[in-house]
Amino acid sequence: MNETMVTVVGNVATKPVFRETANGPVVRFRLAVTSRFFDRAAQGWKDGHTNFFTVWAWRSLAANVASSVSVGEPLLVRGRLKVRSEERGGQSWTSADIEAYAVGHDLARGTSAFRRTSRASAEPLMERQGSPERGESTAQLSADEPQFELPAPVAVREPEPAT
């Protein structure tokens with residue numbers, strides 16, 4: 001089956017909306033992708049046309065996106081492109097959707113901290129983490145997440161002086 005796979009780099013334009021459905025968890029958000037070009041006359045970079053994509057993520061990816069992604073953050077999204085045309089209220093609409101297989105922060109524009117989630121836990125990650133709005137810490141670890149210790153420092157031996 002021929003599918004159109006795309007990788008897009010852009011900014012989160014809308015708050016991710018998380019829903020539990022009969023087919024499992026799903027999250028949806030809009031991603032703004034703006035081309036940039038160098039304008040020689042102005043000797044500077046300019047923004048070009050902005051494309052908006054509706055990104056859909058399912059199952060564990062949905063829970064992880066919902067707890068990790070906020071409006072304005074730069075992301076890379078890899079997935080299957082679907083262009084849909086439909087008629088609503090007498091007007092025809094065309095939308096470009098991406099069914100995401102992978103979503104990550106664009107580390108060329110900032111930093112991120114990765115936390116592995118447990119597959120055994122049926123509880124969504126976003127319910128395990130605290131909420132800053134309620135004054136809770138978002139850095140809490142649940143009991144099923146491993147605690148790692150840093151390795152002991154390696155002793156460096158000074159070279160003996162030549163006699």
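Two residues are in contact here when they have heavy atoms within 4.5 Å of each other. Keep that handy for the exercises below, and bear in mind that the model is predicted.

**Exercise 1. Find which residues valine 8 contacts, leaving aside its neighbours within four places in sequence, and place valine 8 in the largest nonpolar core.**

Step 1: Start with the contact list. With those sequence neighbours set aside, valine 8 is in contact with Leu31, Val33, Phe53, Leu75, Leu76, Val77 and Ile98.

Step 2: Now look at the core. The largest nonpolar core has 21 residues, and Val8, Phe29, Leu31, Leu75 and Val77 are the members that touch the most others.

Step 3: Ask where this core gets its residues. β1, β3, β4 (44-58), α1 (59-68), β5 (74-88) and β6 (91-105) each supply at least two.

**Exercise 2. Is threonine 54 buried or exposed, and what does threonine 54 touch?**

Step 1: Locate the residue: threonine 54 sits in strand β4.

Step 2: Apply the cut-off. Threonine 54 has a relative accessible area of 11%, so it counts as buried, the limit being under 20%.

Step 3: List the partners. Skipping residues up to four places away in sequence, threonine 54 touches Arg28, Phe29, Arg30, Ala96, Asp97 and Ile98.

**Exercise 3. Work out what lines the second largest pocket and which strand gives the largest share of that lining.**

Step 1: Get a feel for the space: about 160 Å³ lies in this pocket.

Step 2: Read off the lining, which is made up of Val9, Gly10, Asn11, Ala32, Val33, Thr34, Arg36, Asp47 and Arg109.

Step 3: Sort by element. β1 (5-12) and β3 (24-39) each supply at least two lining residues, and β3 gives the largest share, with 4 residues.

Step 4: Sort by chemistry. The lining splits into 3 nonpolar, 3 polar and 3 charged residues.

**Exercise 4. Take glutamine 43, a residue other than glycine with a positive phi, and arginine 59, which also has a positive phi without being a glycine. Where does each lie, and is each one buried or exposed?**

Step 1: Check the angles. Phi is near 55 degrees for glutamine 43 and about 55 degrees for arginine 59.

Step 2: Place them. Glutamine 43 is in the loop between β3 and β4, while arginine 59 belongs to helix α1.

Step 3: Test accessibility, where exposed means over 50%. Glutamine 43 comes in at 57%, so it is exposed. Arginine 59 is exposed too, with a relative accessible area of 53%.

Definitions and conventions
Residues numbered from 1 in each chain as written. Predicted model: local features only at pLDDT ≥ 70, side-chain atom pairs only at ≥ 80, totals over all residues. Heavy atoms only, no water. 1 Å grid on protein atoms, 1.4 Å probe; cavity = no way out; pocket = protein on both sides within 12 Å on 5 of 7 lines; lining within 4 Å. Points joined across faces, edges and corners; volume = space filled by probe spheres on them. Nonpolar A, V, L, I, M, F, W, Y, C, P; charged D, E, K, R; others polar. Core = buried A, V, L, I, M, F, W, Y, C linked by side-chain atoms within 4.5 Å. Buried < 20%, exposed > 50% of the residue type's maximum accessible area, 1.4 Å probe, protein only.
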